[in-house]
Amino acid sequence: MSPADSAGTDTPPLEIIPLGGVGEFGMNMMVIACGETAILVDAGVTFPEPELLGVDLVIPDFRPLERFTIAALVLTHGHEDHIGAVKHVLPHVKGPVYGTPFTLALVENKLGDVGNDVKERLVRVKPRQRVTIGAFVVEFLRVTHSMPDCVALAIDTPRGVVVHTGDFKIDQTPLDGEAVDFHRIAQLGAAGVHVLLADSTNIERRGFSGSELEVVDAFEEIFTSAKGKIVVAMFASSIYRMQILVDLAAQFDRQVAFVGRGAVDNSETAQRLGYLRIPAGVQIRDSEVRGYPAQDVVCICTGSQGEPQAALSRIAIDDHRHVKLADDDVVVFSAREIPGNEKAIGRVMNHIARRGADVVHEGTRHVHVSGHGSEEELKLMLSLIKPRFFVPIHGEYRQLSRHARVAARVCPATKVVLAENGDLIRFDDEGGRVADRVQAGRTLIDGTRSGEVGDEVLRDRRHLAGDGLVVPVVVIGRQSGTLEETPDVITRGFVLDARTEALLKEIPSLLAATLETASVEERTDPGLIKERIRVDLQRFFRKRSGLRPLVLPVIMEI
């Protein structure tokens with residue numbers, strides 16, 4: 001009999017609340033709570049849509065965490081969509097942050113100059129290790145993915161065992177020799193797993209995703225035929241791909257340069273921890289690239305998603321200080337296109353082509369392998385565990401739904417619970433179901449200011465982008481509040497034509513009328529009169545032209 005079957009009416013219900021990553025890609029974060037114990041699994045980010053002007057990162061809304069005392073944060077691996085929000089969520093976590101050495105090294109890089117007391121909360125764990133967190137015992141299980149040191153979680157709760165796969169695929173020939181811990185996963189399945197939470201990213205792909213080593217043949221062809229530089233764009237966390245390229249560079253007598261802050265930082269971290277091995281004399285700095293013949297260099301860089309400030313985007317428009325493209329160079333996009341980035345990636349490819357370089361991507365050669373398991377791998381995980389309840393995670397709703405149908409065929413006795421962000425999934429004596437909803441929103445982060453971007457700020461940015469800026473400069477008497485000079489109007493990004501110029505000519509008389517109708521108290525209070533002018537001008541533009549420029553009054557008192 002499993003622990004779940006023996007749980008009596010005195011056993012508190014198990015609650016699982018996804019706050020990100022369920023019904024969407026990215027921003028993975030989940031609360032798992034039973035009785036007085038609550039933990040957080042992962043704390044990731046997603047990247048903003050183009051209409052979120054000036055927003056650098058999107059993280060989950062942390063307000064639902066206020067109903068719990070979060071005893072620990074447990075991390076499955078070091079990708080941005082799983083660790084990018086750690087710095088922001090730490091104030092809501094009372095206890096330690098558990099993760100494997102490479103995962104926590106990447107977290108530490110993100111924490112920057114925070115105090116030692118914060119970094120002391122980072123607790124390194126290894127596969128098969130167990131830690132006790134309140135009423136939970138969390139065991140870490142080795143899985144393979146597209147980066148080193150990835151784990152699944154087996155969480156023993158008063159209601160039974162919960163298995164969270166994290167991101168995984170089944171790589172039979174992993175580059176580091178660390179295979180999926182099938183033996184322990186099968187043991188857990190035989191003993192009885194109450195709930196399985198499993199990655200659904202690639203459920204729509206038939207067959208198996210394949211090993212990281214499958215890209216070697218395509219890259220060997222590129223190294224053999226390339227007459228100039230080889231520039232490879234990838235995610236900065238793709239350490240296995242970096243190792244393959246380093247080994248090929250050594251084999252073909254080329255030097256390797258890491259270009260872009262993310263690639264440099266992650267390669268240094270991976271080398272320090274022994275996950276990336278570079279033979280002596282193979283690595284050079286990006287500033288040294290020009291000093292070598294083009295046919296002797298490989299550049300590993302960031303920018304596979306067309307990010308405007310990434311290294312590849314600057315290289316593509318000939319704006320990089322050290323790396324310039326020439327006719328015989330080859331640029332390889334060794335990463336999948338994240339949905340929504342297609343246009344940005346296409347623009348970068350076009351710029352590269354204008355430089356005369358050859359562009360290679362997944363559609364032309366086998367230069368990328370997914371880090372997520374395809375349908376057969378997900379079926380294997382289900383058949384090994386045979387859980388009592390199954391909750392698909394990590395994917396948009398269509399992936400979750402398809403994974404649910406596959407699970408029904410593989411494990412007919414398993415009850416599937418389909419959920420989305422904000423659903424409170426409760427497991428008690430009556431079974432498992434979505435029992436409630438919590439507020440699960442998003443928080444927008446402006447990385448340049450290290451702060452949240454509120455709705456009002458975002459609305460202002462949209463107005464600026466759409467209809468420009470209008471700055472009325474009004475000079476008034478400090479004591480009387482009367483208009484001392486004819487108001488001036490400055491515009492930026494505001495379309496000027498016969499119609500709008502006529503509107504601008506009316507503004508001084510409109511401002512004079514606004515001041516006349518205002519009381520002395522309003523006129524002599526800069527804050528009040530500024531708001532009055534802003535409202536009147538916005539109403540004027542909206543009614544007369546349908547435009548909605550950002551109005552920023554400047555009040556000068558004399």
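Is the crossing of α12 and α13 left-handed or right-handed? Hold that one for a moment. A caution before we look: this is a predicted model.

Start with the sheet. It is open and has eight strands, with mixed pairing. The order reads β8-β7-β6-β4-β3-β1-β23-β24. At the edges stand β8, residues 122-124, and β24, residues 431-437. Each has a single partner strand, so one side of each lacks a neighbour in the sheet. From one strand to the next, the twist averages 25°.

Now zoom in on one pair. β6 covers residues 70-74 and β7 covers residues 97-99. They pair in the parallel sense, over two bridges. Leucine 73 has valine 97 in β7 as its bridge partner.

Next, helix α4. It lies across β7 and β8. Against β8, α4 runs at about 160°. The helix spans residues 101-111. Its buried residues are Phe102, Thr103, Leu104, Ala105, Leu106, Val107 and Leu111. After α4 comes glycine 112, with a positive phi near 65°.

Back to the opening question. Helix α12 is residues 375-385, and helix α13 is residues 397-410. Their axes come within 10 Å and cross at roughly 50°. That angle makes α12 oblique to α13. And the answer: the crossing of α12 and α13 is right-handed.

Who meets whom? From α12: Glu375, Leu378, Lys379, Leu382 and Ser383. From α13: Arg402, His403, Val406, Ala407, Arg409 and Val410. By class, the α12 contact with α13 has five nonpolar, two polar and four charged residues.

Key: Residues are numbered from 1 along each chain as its sequence is written. This is a predicted model: local features need pLDDT of at least 70, side-chain atom pairs count only at pLDDT 80 or more; totals for chains, interfaces and linings use all residues. Side-chain values use heavy atoms; hydrogens and water are left out. Buried means under 20% relative accessible area, exposed over 50%, partly exposed in between (1.4 Å probe, protein chains only). Helices (H or I, at least four residues) and strands (E, at least two) are DSSP runs, numbered from the N terminus. Two strands pair if DSSP finds at least two bridges between them. Axes are lines fitted to C-alpha atoms, for helices over the stretch in contact, and angles run from 0 to 180 degrees between N-to-C directions. Contact means heavy atoms within 4.5 Å. Angles under 35 degrees count as roughly parallel, over 145 as roughly antiparallel, 65 to 115 as roughly perpendicular and the rest as oblique. A crossing is left-handed if the near helix is turned anticlockwise from the far one by less than a right angle, and right-handed if clockwise. Ala, Val, Leu, Ile, Met, Phe, Trp, Tyr, Cys and Pro count as nonpolar, Asp, Glu, Lys and Arg as charged, and the others, Gly among them, as polar.
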